[in-house]
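Reader: I would like to learn how to read a structure feature by feature, with the general idea given before the particular case. Could we go through one together?

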Amino acid sequence: MSTPRRAAVLGSPIAHSLSPDLHRAAYAELGLGNWSYDRFDVDEAGLPGFVEGLDPSWAGLSLTMPLKRAIIPLLDGISDTAAAIETVNTVVLTEDGRRHGDNTDIPGMVAALRERGVEKAESASVLGAGATASSALAALADICTGPVTAYVRSAARGDEMRGWGERLGVDVRIADWDRAGEALRAPLVIATTPAGTTDALADAVPEAPGTLFDVLYEPWPTALASRWEAAGAAVVGGLDLLVHQAVLQVEQMTGRDAPLAVMRAAGEAALAARGRQA
């Protein structure tokens, strides 16, 4: 029997994560019966000890908040994609014991948009200014041919987004959150804010909106996504992002082509089960 391999998602809180459902479904489809994928509640203080305690059976880690930047000093190297925004969500552990970091959120966003027919946009809006917003800017560097307006709550956040834009070669304009309703008129709108934050914007959806990418997957649909769909426009959801970035993680950790449709179905089933339990 082949040697067991392990992987897991780390973060705090972590109980809500759908990553185990997606990765385990991939392993089952690929016939990787010796692979396991778990979740561990790990905060920044506990991260170094957890990483140092990994044995050779470990193949990789998925990182969520608040660990996406805290992991970097513990790695032997990171990809150019991850370095661009100093954010790592994937660690691959090699046979010689090295730890290599990557960011699959960025290509995951691009793939999720491409799946809905969005290859290019002449301008875009980003709602929010956290770690996911910086990933959105990196994705827009490949997609957006014009300016990106970031709607933020503080001048400090605006400065951060402008700095990321300069680093990524994206023309970032800053607007106050009080004007967020104007964001919805852009051809592409990416909402990166926590649950409930954009609910008040639903009434501002224009008659003929462009494409909305709302990174939330629970609760779903958000009030903004519901109004957007009611207007007959394209909506890309957080589950789309989660699946596409997980596909890339599975492929990096296992060296096998990941089953996108199977992983999406597993995520949908897990969310449906949660809805029945609520």
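Author: Let us begin with the sheet, keeping in mind that this is a predicted model. In general, the strands of a sheet pair through backbone hydrogen bonds, either parallel or antiparallel. Here an open sheet of 6 strands has the order β9-β8-β7-β10-β11-β12, and the pairing is parallel.

Reader: Which are the edge strands of this sheet?

Author: The edge strands are β9, residues 172-176, and β12, each of which pairs on one side only. Further in, strand β7, residues 124-127, runs parallel to β8, and 4 bridges join the two. To place yourself on that pairing, look for Ser 125, which stands opposite Thr 149 in β8.

Reader: How should I read aromatic pairs, and how many are found in the whole structure?

Author: A pair of aromatic rings is described by the distance of the centres and the angle of the planes. A search of the whole structure finds 4 aromatic pairs. One of them joins Tyr 27 and Trp 35, whose rings lie 5.4 Å apart centre to centre with 55° between the planes, a tilted arrangement. Both Tyr 27 and Trp 35 are buried.

Reader: What is the geometry of the pair formed by Phe 40 and Trp 58?

Author: The ring centres of Phe 40 and Trp 58 are 6.3 Å apart and the planes meet at 55°, so this pair is tilted. Because Phe 40 belongs to strand β2, residues 35-41, and Trp 58 to strand β3, the pair ties together parts that are 18 residues apart in sequence. As for accessibility, Phe 40 counts as partly exposed because its relative accessibility is 26%, whereas Trp 58, with a relative accessible area of 5%, is buried. Phe 40 and Trp 58 also form one aromatic cluster together with Phe 50.

Reader: Turning to pockets, what is the volume of the largest pocket, and which residues lie nearest its centre?

Author: The volume of the largest pocket is about 1,200 Å³. Its lining is made up of 45 residues, and those nearest the centre are Thr 64, Met 65, Lys 68, Thr 132 and Val 215. The elements that give two or more residues to this lining are β3 (58-63), α5 (131-143), β8 (148-152), α6 (155-168) and α8 (238-254), and α8 provides the largest share, with 5 residues. Sorted by class, the lining of the largest pocket holds 20 nonpolar, 18 polar and 7 charged residues.

Reader: How many residues line the second largest pocket, and which of them are closest to its centre?

Author: The second largest pocket holds about 270 Å³ of space. It is lined by 18 residues, of which Tyr 217, Trp 220, Leu 239, Glu 268 and Leu 271 are the closest to its centre. At least two lining residues come from each of β12 (235-236), α8 and α9 (260-277), with the largest share, 5 residues, coming from α9. The class count for the lining of the second largest pocket is 8 nonpolar, 3 polar and 7 charged residues.

Reader: I would also like to know how to spot backbone features, so where are the cis peptide bonds placed?

Author: The general expectation is that most residues other than glycine have a negative phi, and that most peptide bonds are trans. In this model, a cis peptide bond joins Met 65 and Pro 66, with omega about 5°, and Pro 66 has its place in the loop between β3 and β4 (77-78). The peptide bond from Trp 220 to Pro 221 is also cis, with omega near 0°, and Pro 221 lies in the loop between β11 (211-214) and α7 (223-230). You have met Met 65 among the residues nearest the centre of the largest pocket, and Trp 220 among those closest to the centre of the second largest pocket.

Reader: And what is the sign of phi at Glu 86?

Author: Glu 86 has a positive phi of about 50°, although it is not a glycine. This residue lies in the loop between α3 (80-85) and β5 (90-93), and its relative accessible area of 37% makes it partly exposed.

Reader: For a last exercise, is Ser 19 buried or exposed, and which residues does it touch?

Author: Ser 19 lies in helix α1, residues 19-30, and it counts as buried because its relative accessibility is 5%. Leaving aside residues up to four places away in sequence, Ser 19 touches Val 9, Tyr 37 and Leu 242.

Key. Residues numbered from 1 in each chain as written. Predicted model: local features only at pLDDT ≥ 70, side-chain atom pairs only at ≥ 80, totals over all residues. Heavy atoms only, no water. 1 Å grid on protein atoms, 1.4 Å probe; cavity = no way out; pocket = protein on both sides within 12 Å on 5 of 7 lines; lining within 4 Å. Points joined across faces, edges and corners; volume = space filled by probe spheres on them. Nonpolar A, V, L, I, M, F, W, Y, C, P; charged D, E, K, R; others polar. Phe/Tyr/Trp six-rings, centres within 6.5 Å; stacked < 30°, edge-to-face > 60°. Buried < 20%, exposed > 50% of the residue type's maximum accessible area, 1.4 Å probe, protein only. Pairing = 2+ DSSP bridges. Contact = heavy atoms within 4.5 Å.
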